[in-house]
Every structure is written in structure tokens, then in C-alpha cells.
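Hi everyone, thanks for making time this morning. I'd like to walk you through a few spots in a model I've been looking at, so let's get it up on the screen.

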Amino acid sequence: MTAHEIRRQFLEFFRTKGHQIVPSAPLILKNDPTLMFTNSGMAQFKDYFLGNAVPPTRRIADTQKCLRVSGKHNDLEDVGFDTYHHTMFEMLGNWSFGDYFKPEAIAWAWELLTEVYQLPKDRLYVSVFEGDANENIAFDQEAWDLWKPIVGEDRIIRGNKKDNFWEMGDTGPCGPCSEIHVDLRPRAERDRQSGKELVNHDHPQVVEIWNLVFMQFERQWNPAKGGNAALIEFESGYHGNRDSPEYKAARAQKHSEVTTLKELAAKHVDTGMGFERLCMAIQGKLSNYDTDVFGGTIAFIARESGRRYGEERSADIAMRVIADHIRAIAFTIADGQLPSNNRAGYVIRRILRRAVRYAYTYLGFKEPFLHRLVPLLADQFADVFPELAAQRDFVAKVIQEEENSFLRTLEVGLKKLDQLIAELKNLPASVERVADRGGVIDGETVFELYDTFGFPVDLTALIAREQGFDIDEQGFVRAMQLQKNRSKQAAATASSDWVIVHETDRPEFVGYEELETQARVVKFREVKTKTTAQYHIVLDRTPFYAESGGQVGDTGVLQGSMPDAQLLVIRIIDTKKENDLIIHVTEDKNLDSLLTTFDLPLTAKVDARQRLLTNNNHSATHLLQAALRRVLGPHVGQKGSYVSSDTLRFDFAHFAKLTDEEIRRVERIVNERIRQDIPLNEQRNVPIEQAKALGAMALFGEKYGDFVRVITFDRDFSVELCGGTHVPATGRIGFFKILSESSSQAGVRRIEAITAEKAEEFVTDQSSMINDLKELLKNPVDLRKSVEGLLEERNRLGKQIEQFEQQQLQLTKQHLLGKVLISNGLRLIAERVSVSSADTLKQLAYELKAKVDHAVLILAADIAGKPQLAVMIADELVEKGWHAGNLVRELAKEIKGGGGGQPFFATAGGSDPGGLDRALEKGKALVLGQP
């Protein structure tokens, strides 16, 4: 049975059980601050479990793309070394929202595995939750009783909280689970030892394939025990290895102490079956990578690298790493997350660079290779995850650019390591160096290579050993842990549980029609970081637009009359979306008591001016995208945006810099549409398929429901799916002006623009600047020609100055050659010189070195009020232990500065030009031994 058939049969099985089949959510979660990536099948349904949203049906099934490379669920470092861990994987799942529970979930799981997939019953084991006395959670007797007649007691394992109580984070939905494990070992091994003894012991052929989670609880912070703040305090005070079992156990204990479990109003079922492991079991393989899920990719890698999979361990690991990582990289980019230097983008960049390192080091790929795998993946998953096939060229281009960039960085890192080792070998014992006397490269240097150049520790160690050096692995671990601790502490946020003030079915957003409305506080919480203290407030009804889709959140006020007739004013500085909740953020102080007891309606009032200006920019962004597609072609697709009251920024797929003429054409089209005063056509609750039939542009990486909002400005020009706020007609925008066009990422261009008053101010300022320039140039007839003439004259004068400086340099050199001091075979020149730049000072030092044997040169200069020192030492003196860097550091103290460099040449700068003469005298004394 092929992987395609296995997936299809799963979905068809649950369709016959009354489940609605839904598409996978994107790998990037836009409105859930607790998760960076979709790391489980249930992530997109979180609001249904919490009661914040109503599911479209009570039974759902799907196959979900998941990524586990950060946070609690992090499998990255295991990938490639074993046969079953992955970064991205598919999670097959079926869900019940307050409908069926344990009896149906268990019976259907067994039916699918043994009757449809025909897995041998004698190879399957199940586990149930044994209970936890510390948290007063009972043994799952119901699950035991349901499994017993199916598999018998001898095939049921009592699992502890770590294995059989599922939680997706520090807080949120959770509950006991039953895992189904399969024993794939040969019969001889099964006869020697029961598979029951190997369940949950990391045996590569005795693995979990399905987890049936019974959502009964919601974990919440316990304010009485300190809540999140107490856990952060514990983490901040822990200075040991955070990857150790001791730390994990201590943290779990602390986590239990500062949280409580609350029964959910309705019981749910959340099951997750690893697709890759299931294929391994059904296809009779001993590794996920041996199935047809990865077979085609690995065969391509092997063929292109000239190697055979299965012959060499290091090459096999590299092939598995690449085959796994390319899926995570490609699908995450297709879902809208580009590699970058922060948060999710940095994680993707790390994964990509890990794959490039393995390809470079163990398979010999010195040129970009990963991007060539994208078409293979796109074809393989076209019927289940079509977003990659729709963007294959764009995704491949982004990956290729990232590969090129990192291969250059990798080459620089290799040169740095080679230079370091050469210095350690050649420098005498008297010279400072980064290794100790025993030839060990210190841990901080190893960490710098890892952090800055992406060097894995084993690669650094391998190169070092080849040259006769070791590395300080413990020092590296300490440096790595220090960085992790710093990052964790910097990001620490403490939030209390929600305080419920009024019950409501679901908060209502009325901001499309109203900027002011009456509302009541539903709930609030206090959130603290190291620098701020905020309150998050949820209203039953709000006109405030929450930050989403690139549009910033509204600001404004909440107003109300106090019982003593005083006016209550709460300033809202931002509005954010957390899952499906609209959260009003304020930094006003001491609101707990007031919000808890205040029972009168509030007036929720949006800052109307800021909203209207934001509307201008958001609608202009739609016009901009349509104009770009007209000018550049239909491949243009949005890759990110930012819309505020001041500006708009639009990122889009395109591989070349826009010409000036293209920019002018785009501006002209947008402003034509503005002058046409096209009315807004807003359609709500449009079936998604109908919206697509209208030609509405959807964004890759966005999760759309069955019904969507469509924004149209002329059906033949701009039709988009959008939840943002807009102008009633394009004429309100007034005027549109592009400020800049640049590269945002590989394959992505960025336009920054302004509208309305800001655009008018910009044009007025530019016009005033031109008028001022004309006046300065005595109102020439042709301003451009006059400026070009000035530039030509400036270049001519610059060349003359350069020639004069070179003449002066030669005169200075001849003068200095007459100032040589000779002592014990050394020739010293220690003089103050007049030069215009540090480069000229360096040139002078090199030219003097070429003229003077056994030279020690100390040159001092005041360059535009900044003291500069240069030290040059002859090669034969360097071989005897002289070091220009050590000498210049000592002299730099006289000018209140610092410096360094290579053994033969070094420079220093400072803040005290008056110390230059002292530095020269000190240099003479050190070199010649004079008093």
C-alpha cells in the first residue's frame, strides 16, 4: 500500500463515520502567541476546545502539517541520527467536539488499524494513564475497561504522566491519553523479549503510532501559588544544563505546583497518528526513511551525490537530514514564513543551514543543491498540500538564495578556523592566543564559530583534530547555555489567569460599521514583563480592530461613569488578537479592583483619525497589489505587509529590482484608480469556493474558514479575501506615493509608500527642496545639467587632491627614512605624521616596511581630531616573538583607546590626541629599552 493510499484510506474511513474532512492549517500560526509553529493536529482547533469559537461540525478529520523545532516539542537535534524523528511531519487526526468520547475513539482506532490497514493484532500494544497522586488525577479506569476485551490485560501498559497525559504547553487544554504502539522487530527478537517491555523505551522498532487524547481539562495558572511569575523565577534562578533530565523533572514539579486543572465544560477527543510511522508499519519497513514518503527524495540525493544510501553512516545521516529538512523548509516558505534573523524566520534559517552543512561536509555539495528538491516535493504532495506546487519556482528561488548566502558564510568560517589554527601553530609561547598550552581551542571560540558561522561542533572538532588540536566541549556547552538563559530571561512574560467579570457566548466585533459602541467587560488579566505592566481586557462588544493581516491594532479609550459620578477613562494603546479573542491592551495601573466591580456599560471609542488614515493605507495596499500584477505579471503575490496610520509596506514575490519606469507606471495606475473614486464592494460570509470563483486573491499561509469576507474595488481590478478595514471609496485615499523599493528577502521585493496627507507633505517637501537647490545654483535653466556639472567638477578636484596627497606621502616617507633609530640590530621609526585618513597611514607603514630591514615602525597621526596609531613589524622579528597587536594595545593607553591586529601590523584609535607624543616616547622605550 502506497503512502498516498494510506492517507486516502484514513480520511475516507472517518468520512464514513460522519466526519467532515478539513484542509491542513498553515505551519505558521498568526494569532496564537503560545506557539511559534503548528506543532500538533489540534493546534488549529484550540479555540473550539476552549469555547472561544464554535466548530462548523462536531466531527472533523484531517491530515495536518506539523513542525517541531522549538519550545517544549523540539525534535531537531534527533533528526537524521535515528530512523523516526522529523522536523516536519504529517499528523492524521480525528476530532470530536463534545460528541463521541472514549468508547467510539478506541473502537474506531482498532478497526482502522486491524481491519482496514490489517496490521497484525499480536504486534500492537496500548497504554492508559496510571493517574498522578501529586495532582490528584485518577487512573483512567474507563480506558482500561474499554481496551481489556479488545487486546487483553497482557497488552495494556499503565503509563505515567510524562507518557500518557497530553499537554500542548504550560497552559491550555489537556487530558489523559491512550497510545497505540507497534512492534516491528523480526520474530526471533520478539520471541526473545516481549514488546511490552520496550514500549516507551526509545526502541527504533517498537514505536508509538497513534495517540488518543481525551480532552477533559484546561490547565490554568494558579495565582495563589505565584502562577507564571513563580515559574519564570524558578527558570531564572536555575543555572545548570536545561537539557538535563534533572532540570526537566524539577521544572515539571514546579509547573504542577503553580498551575491548576479545571474540568472542561464539554469532553472532547483529539487523536494524532504520525503518518510517516504508520507508513513504516504498513509497508513493513524498519525506518520511516525507507518508506515511499522519503524514498524518492533520498534516491535523488544519492544519485546526485554519487553515493549509495545504506553504505556509510555519515552519508546516510546527511541524506536523512536533507530529506527531512527540505520538507520543513519548503512548506514553511510556501505557508508564508521566509528565512530571517528573528523568531520563526530564524528557526527556518537554522534548519536550512543545518541541511546545507551536512550536504557540504558529508556529501560534497559545494554548490547550492537543496532548491533542486523542491519540484520533487511539489509533485509528491500536489493533491494534499497544493500550496507548494502553486509556488514551486518562488520557493526554490528563496532556498537557492539562502544556500548561496550560507555557502559564502561557511567558506568565511572555514577560513577563519584555518587562520585560527595556523596562528595557534605558528605563534610563540609569549604571544597571546585562544588556545591553552595543551593545544585546546577554548569553548567561547567554538561557540562563536557555531553561532556566527553556523559551524556544528563536530565539524569544528573534526577540523581541529586533523590539525592536532582538541576543542573545549564543556566550555562550548557553558557558552551555549548562557545564551539560552539570556534569551529565555529576556523573553520572560508573566500573565495571570483571566478574571471573569461577565459571561458571554462570544464577543462581537462591530468595527466595520461603528467606531464607538456600548460594551461590558467580559474578562481581564494582568501581564508583566521586565519592562512593562499591562492589562488585557476583553469586551462583549467592540469596535476596536485587532492587529491582523498586516494591519495594526486600533487605539482609543474605554469610558464610563463611576458610581461617584467621576469619569472613568482607560486608555487603549493597542488591540491584539489571541486565537479568536480581541484583546484591548492598556498600561493604566491598578485596574484589578475597578474592573472586577465595575458593572456599568462602558463606551468603547476608537481613535477615529488614526483609523481613517489606516483605512487609506490598507485600501491603497490592495490597489498597489493589483497595479503590480498589471505591470510585472500575475506571479506577483503578497508575502507580507504592514499597514498603519503613517505608512504602508508591501512585500511581494518578484525576482528583479523594479526599474524607475515600472515604479512610475505602478504609481500612475494606483492614482488613476484613486481619482476614479471606485466604491468599496464588501461582501461578508461568502462561501470560500464562491469567493475563489469571483477571482478573489487568497494569501498562502492564511487559514480561511468556510465563509470569508471579500473586498472589491472594481471587479476587473482588485478582488481580495480580507478581514481589514477600508475606505468607502478610493477617492478618500487622496494621493499615493512610493517612497522606496528594495529587496526584503531572496525572491521578495518590498515597497514602502504613503498616502493622503503624508503623501502631500512629502511632495511639498520635495518641491521646496528643489526650489532651494535652484536658488543655491542661481536658478539655472537646466537644474539636472547644473548638478551633473558640479559632480564632474567635484570628481576632477578629488583626483587632484588624491594626486597631491600621494606626492605628500612620498615626501613624508623620504623624511621618515632619515629618522631611523638603530639599536641592537633593530631599525626603529617612531614619528608623528600628517595624513588625511587611516588608509593613507596604513599605506605609509607598508611602503616604509619595504624600504627598511629589521624595522619596527610606530606612526602617530591626528586625523580630523581623532588620534590614530599604526605599528608595523618586520617578518623576521615576528618569527622571533614580536607582536604588533600586543605593542599597539599598550601604546593605545596613552590616547585613551584600544586596538589590535595581526602579529606584523596593528592599529589603534582613541579619544585623546594629546597623548600621541607620549605614545611615541613609550614606544621608543619599549622597543629600544630606553629610560
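Let's start at N160, which sits in the loop between β5 (156–159) and α5 (161–164). Keep in mind throughout that this is a predicted model.

So, is N160 buried, exposed or partly exposed? Its relative accessibility is 32%, and since buried means under 20% and exposed over 50%, N160 counts as partly exposed. What does the side chain of N160 reach? One partner is the backbone nitrogen of K162, at 3.1 Å. The backbone nitrogen of D163 also lies 3.0 Å from a polar atom of that N160 side chain. Leaving aside neighbours within four places in sequence, N160 is in contact with F129, E130 and F165. And if you look across to S127, it is 33 residues from N160 in sequence, with the two C-alphas 9.5 Å apart in space.

Now let's move inside. The largest nonpolar core has 123 residues, and W147, W210, L370 and I399 are those with the most contacts inside it. Which helix gives the most to this core? That is α11, residues 313–334, with 14 residues.

Let's stay with α11 for a moment. This helix has 22 residues and spans 32 Å from first C-alpha to last, close to the 32 Å expected at 1.5 Å a residue. Of those 22 residues, 20 are buried, so α11 is largely enclosed by the rest of the structure. After α11 comes G336, with a positive phi near 105°.

Back to I399, then. Beyond its neighbours within four places in sequence, I399 is in contact with I326, I329, A330, I333, L352, L370, H371 and V374. There is also a second, separate core of 29 residues, and L624, L632, V636 and I711 are among its members.

One last stop, a sheet. Here we have an open sheet of 3 strands, in the order β26-β27-β28, with antiparallel pairing. The edges are β26 (681–687) and β28 (718–721), each pairing on one side only. From one strand to the next, the twist averages 25°. Strand β27, residues 707–713, pairs with β28 over 4 bridges, and F713 has S718 in β28 as its bridge partner. What lies across β27 and β28? That's helix α20, residues 608–632, running at about 120° to β28.

That's my tour. Thanks for listening, and I'm happy to go back to any of these views.

Methods:
Residues numbered from 1 in each chain as written. Predicted model: local features only at pLDDT ≥ 70, side-chain atom pairs only at ≥ 80, totals over all residues. Heavy atoms only, no water. Core = buried A, V, L, I, M, F, W, Y, C linked by side-chain atoms within 4.5 Å. Buried < 20%, exposed > 50% of the residue type's maximum accessible area, 1.4 Å probe, protein only. Helix = DSSP H or I, 4+ residues; strand = E, 2+ residues; numbered from the N terminus. Contact = heavy atoms within 4.5 Å. Pairing = 2+ DSSP bridges. Axes fitted to C-alpha atoms, helices over the stretch in contact; angles between N-to-C directions. Expected span 1.5 Å × (residues − 1). Polar contact = N/O pair within 3.5 Å; in protein donor to acceptor, adjacent residues only side chain to side chain.
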